[in-house]
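Trainee: I should like to learn how the surroundings of a bound ligand are read from a model. May we work through an example together?

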Amino acid sequence: MKRSIIITGGAGFIGSHVVRLFVNKYPDYKVINLDKLTYAGNLDNLKDIQDKPNYKFVKMDICDFDGVLKLMQDEKVDGIIHLAAESHVDRSIKDPFTFAQTNVMGTLSLLQAAKCYWDGNWEGKRFYHISTDEVYGALEMTNPEGIKPPFTTKASSGEHHLAYGSKFFTEDLKYQPHSPYSASKASSDHFVRAFHDTYGMPTIVTNCSNNYGPYQFPEKLIPLFINNIRHRKPLPVYGKGENVRDWLFVEDHARAIDIIFHKGKIAETYNIGGFNEWKNIDIIKVLINTVDRLLGRPEGADMDLITYVTDRAGHDLRYAIDSTKLQRELGWEPSLQFEEGIERTVRWYLDHQEWVDNVTSGEYQKYYDSMYKNR
Ligand code: NAD
Ligand code: TYD
């Protein structure tokens with residue numbers, strides 16, 4: 001095998017797309033999916049590639065330093081793409097300890113295992129850490145009605161073509177995380193950079209905007225709301241629904257990860273996003289219209305499901321990524337227009353009700369009911 005790489009969190013949403021891309025595109029790489037299979041990890045996400053000869057699944061906790069070190073030795077691992085994390089802001093507000101444990105201690109444990117195994121022999125090695133735009137904090141909404149964004153990408157080139165402020169997250173911004181989730185991701189990013197600066201480990205960090213697409217756990221806005229609209233359940237919109245997120249189709253993120261893993265410069269940070277800002281309430285209306293149309297209901301019939309609920313504590317107002325560095329230096333750009341991506345995503349969830357039912361049964365349903373019963 002030409003390379004032997006570990007992808008952590010490969011049974012989760014983004015990780016499963018990255019694993020699929022690497023297994024299919026690089027038959028001469030050994031791709032090891034290391035995942036603890038928490039509530040968010042699901043091997044059904046990878047059924048189509050599970051029997052490929054260059055794929056291996058290992059159920060392991062990233063905090064298991066001895067286990068990770070032995071796996072690296074046994075498999076002669078020369079690259080790590082690290083996605084495993086606790087990823088849901090609402091859960092981090094309820095239970096910050098788990099986020100510190102997995103996102104901070106887990107990342108440190110992986111870094112230390114890689115340092116021990118590679119032992120200063122950095123040639124051809126790479127530790128690539130996947131992070132989020134949420135570490136930069138929140139941007140102001142200086143243009144609530146929206147203005148033309150400074151750049152257009154394929155993702156943002158549809159009818160809705162707006163930016164809600166003149167400032168964007170750039171790679172040189174100071175970190176200002178607000179939620180326990182983003183604080184834990186920020187901390188892990190600092191550890192990754194510290195391992196480069198202190199030991200010379202060849203690291204890369206990327207910070208991506210909100211992803212959407214197939215296989216996202218239906219506790220996040222888009223899949224949760226698609227499922228609720230289908231079953232005519234209330235849509236719990238936090239605050240006034242005015243918060244802005246910058247959305248990227250998950251396969252475009254996976255393609256960026258591929259390019260950056262192979263061509264990105266050591267010790268660099270790259271922001272990933274498609275200049276595709278949307279207010280939550282506008283996305284929710286698109287989702288209602290799309291689900292209704294695809295289910296043969298009158299378009300917009302389910303608007304009355306919108307239910308404004310108490311705002312999320314510390315709810316960041318606006319995220320907007322400036323990805324010009326990545327586009328300029330490595331030639332990446334989104335391949336899919338948002339309207340097309342949303343249509344594909346809604347169709348996927350409507351066609352995969354069994355997957356949704358499997359991942360949301362049992363413990364998750366109890367958690368969801370406890371989150372929303374008093375609102
Ligand atoms: P996810 O919650 O869908 O999946 C996380 C995966 O990590 C799951 O398979 C889970 O089983 C695994 N995992 C959790 N704890 C583990 C542990 N201790 N050891 C081993 N495996 C463990 O997350 P996602 O949305 O796919 O996000 C993946 C990464 O991308 C995260 O690091 C996240 O911070 C980052 N990110 C996500 C988004 C987004 O919009 N989802 C945007 C930018 C960055
Ligand atoms: P989410 O998908 O949880 O991603 P993040 O918080 O990491 O951006 O939420 C996206 C936006 O949708 C965010 O502004 C919070 C909002 N939201 C709701 O209004 N209601 C919900 O039930 C959820 C899950 C999110």
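Mentor: One begins with the shell of residues around the ligand. In this predicted model, ligand 2 has 19 residues around it, and those that come nearest are Glu-134, Pro-236, Arg-245, Arg-312 and His-315.

Trainee: Which polar atoms lie 2.9 Å from an oxygen atom of ligand 2?

Mentor: Here one separates side-chain partners from backbone partners. Asn-210 places a polar side-chain atom 2.9 Å from an oxygen atom of ligand 2. Leu-221 does so with a polar backbone atom, again at 2.9 Å from a ligand oxygen. For Tyr-238, a backbone N or O atom lies 2.9 Å from an oxygen atom of ligand 2.

Trainee: How much of the accessible area of ligand 2 does the protein cover?

Mentor: The reference is the area that the ligand has on its own. For ligand 2 this is 510 Å², of which the protein covers 97%. Two elements give two or more residues each to the shell, namely α6 (221-230) and β8 (235-238). By class, the shell around ligand 2 holds 9 nonpolar, 5 polar and 5 charged residues.

Trainee: Let us apply the reading to the other ligand. How many residues surround ligand 1, and which are the closest?

Mentor: Ligand 1 is surrounded by 29 residues, with Ile-14, Asp-35, Ser-87, Tyr-181 and Lys-185 the closest.

Trainee: Which side-chain atoms lie 2.6 Å from an oxygen atom of ligand 1?

Mentor: Asp-35 has a polar side-chain atom 2.6 Å from an oxygen atom of ligand 1. In Tyr-181, a side-chain N or O atom is likewise 2.6 Å from a ligand oxygen. The backbone takes part too: a polar backbone atom of Phe-13 is 3.1 Å from an oxygen atom of ligand 1. On its own, ligand 1 has 840 Å² of accessible area, and the protein covers 97% of that.

Trainee: Which elements give two or more residues to the shell around ligand 1?

Mentor: They are α1 (13-25), β5 (126-132), α5 (180-199) and β7 (210-212). The largest share, 3 residues, comes from β5. By class, the shell around ligand 1 divides into 13 nonpolar, 11 polar and 5 charged residues.

Trainee: How should one read the burial of a single residue, for instance Ser-188 in helix α5?

Mentor: One compares its relative accessible area with a cut-off. A residue is called buried when that value is under 20%. Ser-188 has a relative accessible area of 1%, and is therefore buried. One then asks what packs against the residue. Beyond its neighbours within four places in sequence, Ser-188 is in contact with Asn-103, Thr-107 and His-129.

Trainee: What does the chain look like as a whole?

Mentor: One starts with the secondary structure, then turns to dimensions. The chain has 12 helices and 12 strands. Its C-alpha atoms fill a box of roughly 60 × 45 × 35 Å along the principal axes. A compact globule of 375 residues would have a radius of gyration near 21 Å, and the 20 Å of this chain agrees with that.

Trainee: What share of the 375 residues is buried, and how are the contacts spread along the sequence?

Mentor: Buried residues account for 57% of the 375. Of the contacts between residues at least 6 apart in sequence, 83% join residues at least 24 apart. As for the surface, the chain exposes about 15,500 Å², and carbon and sulfur atoms supply 50% of that area.

Definitions and conventions
Residues numbered from 1 in each chain as written. Chains lettered and ligands numbered in written order. Predicted model: local features only at pLDDT ≥ 70, side-chain atom pairs only at ≥ 80, totals over all residues. Heavy atoms only, no water. Near = heavy atom within 4 Å. Polar contact = N/O pair within 3.5 Å; in protein donor to acceptor, adjacent residues only side chain to side chain. Areas by Shrake-Rupley, 256 points an atom, 1.4 Å probe, with all protein chains shown as cover. Helix = DSSP H or I, 4+ residues; strand = E, 2+ residues; numbered from the N terminus. Nonpolar A, V, L, I, M, F, W, Y, C, P; charged D, E, K, R; others polar. Rg over C-alpha atoms; globule rule 2.2 N^0.38 Å. Buried < 20%, exposed > 50% of the residue type's maximum accessible area, 1.4 Å probe, protein only. Contact = heavy atoms within 4.5 Å.
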